[in-house]
Protein chains: 4
Amino acid sequence: MDNTIKKIGIISKPRKSDAGPVLSDLVRWLKERGIEPLMDQETAGLIDFDSPHKRPDIAALSDIILVLGGDGTLISVSRLIGSRGTPILGVNLGSLGFLTEVTLDEMYPLLEKILAGKMSIDERWTLDVAVQRGDKELAKYTVLNDVVINKGALARMILMETVIDGRYLNTYRADGLIISTPTGSTAYSLSAGGPIINPKVGAIIISPICPHTITNRPIVVREDVMIEVTLQTENEDVLVTLDGQEGYPLQYLDKVVVKKSANVIRLITSPDKDYYEVLRQKLRWGV
Amino acid sequence: MDNTIKKIGIISKPRKSDAGPVLSDLVRWLKERGIEPLMDQETAGLIDFDSPHKRPDIAALSDIILVLGGDGTLISVSRLIGSRGTPILGVNLGSLGFLTEVTLDEMYPLLEKILAGKMSIDERWTLDVAVQRGDKELAKYTVLNDVVINKGALARMILMETVIDGRYLNTYRADGLIISTPTGSTAYSLSAGGPIINPKVGAIIISPICPHTITNRPIVVREDVMIEVTLQTENEDVLVTLDGQEGYPLQYLDKVVVKKSANVIRLITSPDKDYYEVLRQKLRWGV
Amino acid sequence: MDNTIKKIGIISKPRKSDAGPVLSDLVRWLKERGIEPLMDQETAGLIDFDSPHKRPDIAALSDIILVLGGDGTLISVSRLIGSRGTPILGVNLGSLGFLTEVTLDEMYPLLEKILAGKMSIDERWTLDVAVQRGDKELAKYTVLNDVVINKGALARMILMETVIDGRYLNTYRADGLIISTPTGSTAYSLSAGGPIINPKVGAIIISPICPHTITNRPIVVREDVMIEVTLQTENEDVLVTLDGQEGYPLQYLDKVVVKKSANVIRLITSPDKDYYEVLRQKLRWGV
Amino acid sequence: MDNTIKKIGIISKPRKSDAGPVLSDLVRWLKERGIEPLMDQETAGLIDFDSPHKRPDIAALSDIILVLGGDGTLISVSRLIGSRGTPILGVNLGSLGFLTEVTLDEMYPLLEKILAGKMSIDERWTLDVAVQRGDKELAKYTVLNDVVINKGALARMILMETVIDGRYLNTYRADGLIISTPTGSTAYSLSAGGPIINPKVGAIIISPICPHTITNRPIVVREDVMIEVTLQTENEDVLVTLDGQEGYPLQYLDKVVVKKSANVIRLITSPDKDYYEVLRQKLRWGV
């Protein structure tokens, strides 16, 4: 980790007007320490910060990126990182997130440490997703949490033939299918009945959504497999969605191919919290 | 039960070409016994039966209706019955259904009994569903299995404020919400984690689909309550679907009102099977 | 409801020393109003109250019984009521219970109302449970929450043949079987994957514990059925437990017979809370 | 893999009289090929085979061990292997097992291949389990499927403080806790709501049994962690059970320490089946 930090990108949850005072404070605090803050247009707009950058440029120019908001905002920022590995500091504005575990109170002490060259990083791996039609690749994505194949509101159950490293697993008849990293195990997959998986585990979770066959329980496979899901239903309104934020329409026989990506997301962690504590708080264990 | 049966409506699963021989046989068998078979256009088309009727007329003219197909076909027929209470005989073409428990082998012996005035009826109650916008009622339906509020494929979780007999239950944040009769408990609700409910129980099941809060478990309430669900999410692609066969688009603040209907569906039961046996077979208990 | 209340039984959670000040206060408050407090030995011991009664006598002599503690304490008191229908007021000492929804703050205002002849009652029905060996009845109980057939710690799965109103349901191969009232649906049955059932619903829940066949989902039947469970496993350490508080050892072929009891438990409800609010608080919905 | 096989241990499911003809046949078949069959007393007793060996000696003397029976029998044999790594061939007597996937029909062709030096091995890792009281180690085991901490039939919920690599995870309040390998994920853990985990995944599953807090969902951690579970409940009838076959009583504050073992179990696989096919058959997917 290079530790001469000169530029810190700041990206806030959109339309989050109460982020204003925090941002102003933060900008002053950084400038006092000779650090240049960079903001995207939307964030800059909250405090009349001039010379904002385009979002992708922030990822390219910043030494670290501070995200102010919830897990959704952090995930949208993670899509800008590509192979750069820029560390991300997730600061929540009130309610603890799995990826944004740092509170406003903890932010400045943690920034002090970071500027002093002491930061601890939690590296999260990601999944590469390709959508194929025949022998054409139609689209390509990288996800931190999950890729979901999902039927539309009126559509009936869809059929999804699933193959792992060339071996037939099952043809799911369900509302959809979630393919999730351990990082995503506490997001959508959990709502669909999937297990919690510590992000250090090398595994991918395949969780069907409302499967017709109720023994189609979530299945966990190695992280280094290739998962191919082929839509076996005609004439339906079906989408593949990426981290719940982007979507691509699927046709009959389209194939979604998922495998571990070379890109990683590097989260700056709070020294005061570990994964299990965040888990206990979020799921209200032992309250 | 009036037992002079003169006309039997026959409705087959659409595009089920292997129903042809069964239909021809059945028509001959009925005519030999002085019973007039009535068919809708699609069923008639499978065997060149002349003078077909419109589907709604079949319900009006038949003493009983024989459905050849699966549960989906029977449910589509149930929508034609209205308040008439015409008994329905569900005959499956191969795979046992919860509503179509009679096999082809059992069909003729059972028809003999029915014509001899001996039939046992399993009465299933239904739910009336109204869609309201402001003080306008936009649509009205009756369902045998379930009414489902469902988000589209790309939409994120939707918010559904749910009130029971004027008392606030919860605002579900989920992919959707299933409101089901006991008859529907073994259909979609089961896939969403709901319990199996014997159709004799006077109860309605409310099962959220992939709820964000995982303690939002299915809840069972009395059959005589009024359930009001208000969509609290803007700008989304949301539908209310009726027995999985019809849909109506919902807007922000639209309300879906559900209560027990005065209409019942009268299923003719096999003398050889009871509810628990069908359950064991369908769910492969004790195999 | 007879409303001249002269004697109030008070039963506190055992060994709950912090109940002392509350009890002293309560005794003074009642005496000032001409009401005679009655206590069992354990409760009396917390404040040196003289002339305590035996627990069963409290139920016989009191006009209402105030329970200070959690749901477990209230359930143990409910076993004393028999057919008398003595109203019970459940006051929790800190953490809200499904049956003890009244807080210490609410206690005195509510007692004022009760003494003024205004109390609202929530009537909960119960289950009669008989243990039969051959044609002998070995034991008889009444439960408010649930009757559970349970294997010992080392025993492997047990087989439980289950018959409803003379019709075979299933032979469960599981760790145990929970037969629960709607009142008990939020207790042990919920932990085993059962649904939440509003206490107004006339239904009994049968929830297997860790069933070998994972399609053995909880099933809900009418409240007026007779459920017979026969232990089909030899040489095992198996118990039937009643409301989690009493147990009776079962042998091979012993039968547990469950049906609705004529006895009811009458809970005095808080005017400020309804069932759904307690549910939301206990399960932390919408937090 | 050394491939000069001279001695094959044969261990049959106990009291499985219909194994007799199979055993006689097998013995003749092996002798014709110059292979010496070894049997334990119980197996030998089924066909009057003379000079049986003690079970542990079979593991020591055999080049491979053929198990005739179900998964339970194979697991009991796996306990004899220790660090030797003797390959085990699991042949089921009728119903497919997760560990005994070879049918009688497939047995001889597979044995031919094995004798010809061609066998494919599926290596399964195991867990070492130690029971500690204060600083004494009371007992030590190795398990292939799972270690379970379990309450007795009458006992109420028990408290189990769980620590992973020195970090506090949670204090479970439940009927018990299952710590399972991926191999064990389709056994008891599945009944308790755990996910299916492909045996190639390096992970351990922690599944609470009927947890009081329903958000205590199964959690999956890395295979190389140390899991320490301390019983925090006094005066209870609690056991730790090993692969469901042995048990050791636990006292208040006893600690169960679990970590990956150096020993592996080497299963000889059928060339005609893969893991997913066994899964589909056992869970009746796509039937």
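How many salt bridges are there between chain C and chain A? I looked for a side-chain nitrogen of Lys or Arg within 4 Å of a carboxyl oxygen of Asp or Glu, and the count is zero.

Notes on the source. I am reading a predicted model, in which local features need pLDDT of at least 70 and side-chain atom pairs count only at pLDDT 80 or more, while totals for chains, interfaces and linings use all residues. Residues are numbered from 1 along each chain as its sequence is written, chains are lettered from A and ligands numbered from 1 in the order in which they are written, and side-chain values use heavy atoms, with hydrogens and water left out.

Contact of C and A. I found five residues of chain C in contact (heavy atoms within 4.5 Å) with five residues of chain A. By class, the chain C side has two nonpolar, one polar and two charged residues; here Ala, Val, Leu, Ile, Met, Phe, Trp, Tyr, Cys and Pro count as nonpolar, Asp, Glu, Lys and Arg as charged, and the others, Gly among them, as polar.

Symmetry. I superposed chain C on chain A by least squares on the C-alpha atoms of residues with pLDDT of at least 70 in both; a rotation of 180° with 0.0 Å of shift along its axis does it, at RMSD 0.0 Å. That is the relation of a two-fold axis. In chain C, Thr215(C) comes closest to the rotation axis, its C-alpha lying at 3.3 Å. I also noted that 100% of the contact residues of chain C recur in chain A, so the same surface serves both copies.
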